[in-house]
Amino acid sequence: MNRADALARLEPSPIGHLATVRADGAPHLVPITFALDSDRIVHMVDHKPKTTTRLQRLANIAANPRISLLVDHYDEDWTRLWWVRVDGMAQVVEDGTEWEAARQALALKYHQYQASPPSGPAVLITIVEVSGWAASG
């Protein structure tokens, strides 16, 4: 699957799984909302309930900015299966024009964010490599 096809599958997907690395080297994987904003992927800490605002994924990115994002599609018809993985470099921003652009991109994708936009830190992911697979070619 080429990069353009992979990103075309990824873009409308409602959920992705963000992998970061803890300080001890252990993987950390969480489901996230995300949007494709030009040549990068954006994610924000939103209002959904969390046990703390000091999220492990943010600490992991601060210590090691390398991430992977996996988006996949399952179907009972296995000829419709596919997955896309983005490897990239992430940074956390808490305000400014890039933060606002991430907020707007997410509000365009998710109607829930139009009424209650995310207000936490934004994760900006620079895409380094895109790989993917589809059962139907």
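1. T33 sits in the loop that links β2 (27–32) to β3 (35–37). This is a predicted model, and in it T33 has a relative accessible area of 16%. T33 is therefore buried, since the cut-off for that class is under 20%. The side chain of T33 makes a polar contact of 2.9 Å with the side chain of Y113. Y113 falls within the range given for α4, residues 112–115, so the contact ties a loop residue to a residue of that helix.

2. S38 lies a little further on, in the loop between β3 and β4 (40–44). What is the sign of phi at S38? The angle is positive, about 60°, although S38 is not a glycine. The relative accessible area of S38 is 67%. Because that value is over 50%, S38 is classed as exposed. T33, by contrast, is buried.

3. D87 belongs to strand β6, which covers residues 82–93. Is D87 buried or exposed? With a relative accessible area of 18%, D87 is buried. The limit for this class is under 20%. A colleague looking at this acidic residue should also look at S68: the two side chains are joined by a polar contact of 2.5 Å.

4. The surroundings of D87 can be listed further. When neighbours within four places in sequence are left aside, D87 is in contact with I67, S68, T126, I127, V128 and E129. Among them, T126, I127, V128 and E129 fall within the residue range of β7 (122–134). S68 thus appears both as a contact of D87 and as the partner in the polar contact between side chains.

5. I15 is placed in the loop between α1 (3–10) and β1 (16–21). A relative accessibility of 41% makes I15 partly exposed. Which residues does I15 touch, not counting those up to four places away in sequence? They are P31, I32, F34, V71 and Y110. Of this list, P31 and I32 fall within the range of β2 (27–32). The C-alpha atoms of I15 and S68 are 14 Å apart, with their positions 53 residues apart in sequence.

6. R3 is in helix α1 and counts as partly exposed, at 39% relative accessibility. How far apart are the C-alpha atoms of R3 and V130? They are separated by 5.9 Å, although the two residues are 127 residues apart along the chain. R3 touches V130 and also I127, residues up to four places away in sequence not being counted. I127 is also one of the contacts of D87.

7. P117 lies in the loop between α4 (112–115) and β7 (122–134). P117 counts as partly exposed, with a relative accessibility of 31%. The C-alpha atom of P117 is 6.5 Å from that of A107, a residue ten places away along the chain.

8. The chain as a whole has four helices and seven strands. Read from the N terminus, the order of elements is α-β-β-β-β-α-β-β-α-α-β. The radius of gyration is 15 Å, close to the 14 Å that the globule rule gives for 137 residues, so the chain is as compact as a globular protein of that length. Along the principal axes, the C-alpha atoms fill a box of roughly 40 × 40 × 25 Å.

9. Contacts that span long stretches of sequence deserve a line. Among contacts between residues at least 6 apart in sequence, 69% join residues at least 24 apart. The pair R3 and V130, which touch, is one with 127 residues of separation along the chain.

10. On burial and surface, 42% of the 137 residues count as buried; T33 and D87 are among the buried residues. The chain exposes about 7900 Å², and carbon and sulfur atoms supply 53% of that area. As for charge, there are 13 positive and 16 negative charges, and their mean positions are 4 Å apart.

Terms used:
Residues numbered from 1 in each chain as written. Predicted model: local features only at pLDDT ≥ 70, side-chain atom pairs only at ≥ 80, totals over all residues. Heavy atoms only, no water. Helix = DSSP H or I, 4+ residues; strand = E, 2+ residues; numbered from the N terminus. Rg over C-alpha atoms; globule rule 2.2 N^0.38 Å. Buried < 20%, exposed > 50% of the residue type's maximum accessible area, 1.4 Å probe, protein only. Contact = heavy atoms within 4.5 Å. Areas by Shrake-Rupley, 256 points an atom, 1.4 Å probe, with all protein chains shown as cover. Lys, Arg positive; Asp, Glu negative; His and termini not counted. Charge placed at Lys NZ, Arg CZ, Asp CG, Glu CD. Polar contact = N/O pair within 3.5 Å; in protein donor to acceptor, adjacent residues only side chain to side chain.
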